[in-house]
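Work through the exercises below with the model open beside you. Try each task before reading its solution.

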Amino acid sequence: MAAEQSPKAGRVTVARILRPHGVRGEVAAEILTDFPERLTRLKVAELWRATSGTAKPVAIRKCWLSHSRGGQAIFHFENSASVSDAKKLVGLEVQIPLAERVALPAGSYYVTDLISCEVFEKNGATVGRVRDVQFTGQGAARNPILVVDSARGELLIPLAQEICDLVDVKARRIEVVLPEGLHDLNGD
């Protein structure tokens with residue numbers, strides 16, 4: 001399971017700028033990808049401003065990973081040479097084209113690809129649509145849970161091979177074999 005933020009116009013958010021870093025125009029960014037090392041190889045990206053819905057291409061002079069504050073990416077963008085330049089970038093999202101996402105092994109999925117998938121039981125009965133993916137546990141033991149909007153309310157379905165028999169993100173379809181009592185457990 002790879003966490004990257006939702007796509008906007010064919011792009012995906014891999015970092016969010018938090019604050020200036022140093023005095024030469026660098027910024028510290030929250031890492032929003034399970035593949036942070038690839039940020040250090042980026043040469044260009046788009047900076048997206050949620051408030052206006054606009055994006056602009058930007059060249060990246062350098063990016064490195066900092067282990068302080070729980071791990072952040074430090075970006076130095078072209079045309080950012082001072083603290084005041086860096087302050088103007090706070091809140092922007094660093095995005096790359098969807099086509100540049102890291103290829104995942106079979107059986108692994110990007111959260112953004114699961115959201116809006118239709119969920120069906122093996123017998124063809126409609127369960128609902130995936131609204132979100134939540135995680136339980138820590139580190140490598142994180143367990144993804146599909147948050148499904150069903151006709152009877154929210155349904156939480158573990159994304160486990162025993163339950164999710166088919167996941168076809170291209171067809172936007174997930175087929176499940178729901179364990180007995182799952183509806184009751186979720187308050188349906």
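**Exercise 1. The largest nonpolar core**

Task: In this predicted model, find which residues of the largest nonpolar core touch the most other members, and state which strands supply the core.

Solution.
Step 1. The largest nonpolar core has 21 residues, and those touching the most other members are Ile-17, Leu-47, Phe-75, Phe-77 and Val-94.
Step 2. At least two residues of this core come from each of β1 (11–21), β2 (26–31), β3 (44–49), β4 (54–66), β5 (72–77) and β6 (93–97).
Step 3. The largest share is that of β1, with 4 residues.
Step 4. Apart from this core lies another one, of 19 residues, which includes Leu-114, Leu-146, Leu-159 and Leu-178.

**Exercise 2. The barrel**

Task: In what order do the 6 strands close into a barrel?

Solution.
Step 1. The order is β1-β2-β5-β4-β3-β6, with antiparallel pairing.
Step 2. From one strand to the next, the twist averages 50°.
Step 3. Take the pair β1 and β6: these strands run antiparallel and are joined by 5 bridges.
Step 4. For a single bridge, start from Thr-13, whose partner in β6 is Gln-95.

**Exercise 3. An aromatic pair**

Task: How many aromatic pairs does the structure hold, and why is the pair of Phe-75 and Phe-77 classed as it is?

Solution.
Step 1. There is 1 aromatic pair in the structure.
Step 2. The ring centres of Phe-75 and Phe-77 are 5.2 Å apart and the ring planes stand at 5°, so this pair is stacked. The cut-offs used here are centres within 6.5 Å and, for stacking, planes under 30 degrees apart.
Step 3. Next, check the burial of both residues. Phe-75 has a relative accessible area of 0% and is buried. Phe-77 is also buried, at 1% relative accessibility.
Step 4. List the surroundings of Phe-77. Leaving aside neighbours within four places in sequence, its contacts include Ile-17, Val-27, Leu-47, Val-58, Leu-89 and Val-94.

**Exercise 4. The strands around β9**

Task: Which strands pair with β9, and how many of the residues of β9 are buried?

Solution.
Step 1. Strand β9 covers residues 143–150, and 6 of its 8 residues are buried.
Step 2. Strand β8 (residues 126–136) runs antiparallel to β9 and is joined to it by 8 bridges. One of the bridge partners is Leu-146 in β9, which pairs with Val-133.
Step 3. Strand β10 (residues 153–158) also pairs with β9 in the antiparallel sense, over 6 bridges. Here Val-147 stands opposite Leu-156 in β10.
Step 4. The connection between β9 and β10 is a hairpin with 2 residues between the strands.

**Exercise 5. Parallel or antiparallel?**

Task: Does β7 run parallel or antiparallel to β8, and does β7 run parallel or antiparallel to β12?

Solution.
Step 1. Strand β7 (residues 118–121) is joined to β8 by 3 bridges, and the two run antiparallel.
Step 2. Strand β12 (residues 173–176) is joined to β7 by 4 bridges, and these two run parallel.
Step 3. Val-119 shows both pairings. It stands opposite Gly-128 in β8, and its bridge partner in β12 is Ile-174.
Step 4. β7 and β8 form a hairpin with 4 residues between the strands, in which Gly-124 has a positive phi near 95°.
Step 5. Look also at Arg-173, whose charged end sits over the ring of Phe-120, 4.0 Å from the ring centre.

**Exercise 6. Positive phi outside glycine**

Task: Where are Asn-79 and Arg-172 found, and are they buried or exposed?

Solution.
Step 1. Recall that most residues other than glycine have a negative phi.
Step 2. Asn-79 has a positive phi, near 65°. Its place is the loop between β5 and α1 (83–87). With 71% relative accessibility, Asn-79 is exposed, because the cut-off for exposed is over 50%.
Step 3. Arg-172 has a positive phi as well, near 60°. This residue lies in the loop between β11 (164–168) and β12. At a relative accessible area of 29%, Arg-172 is partly exposed.

Note on methods:
Residues numbered from 1 in each chain as written. Predicted model: local features only at pLDDT ≥ 70, side-chain atom pairs only at ≥ 80, totals over all residues. Heavy atoms only, no water. Phe/Tyr/Trp six-rings, centres within 6.5 Å; stacked < 30°, edge-to-face > 60°. Buried < 20%, exposed > 50% of the residue type's maximum accessible area, 1.4 Å probe, protein only. Lys NZ or Arg CZ within 6 Å of the ring centre and 35° of its normal. Pairing = 2+ DSSP bridges. Core = buried A, V, L, I, M, F, W, Y, C linked by side-chain atoms within 4.5 Å. Contact = heavy atoms within 4.5 Å. Axes fitted to C-alpha atoms, helices over the stretch in contact; angles between N-to-C directions.
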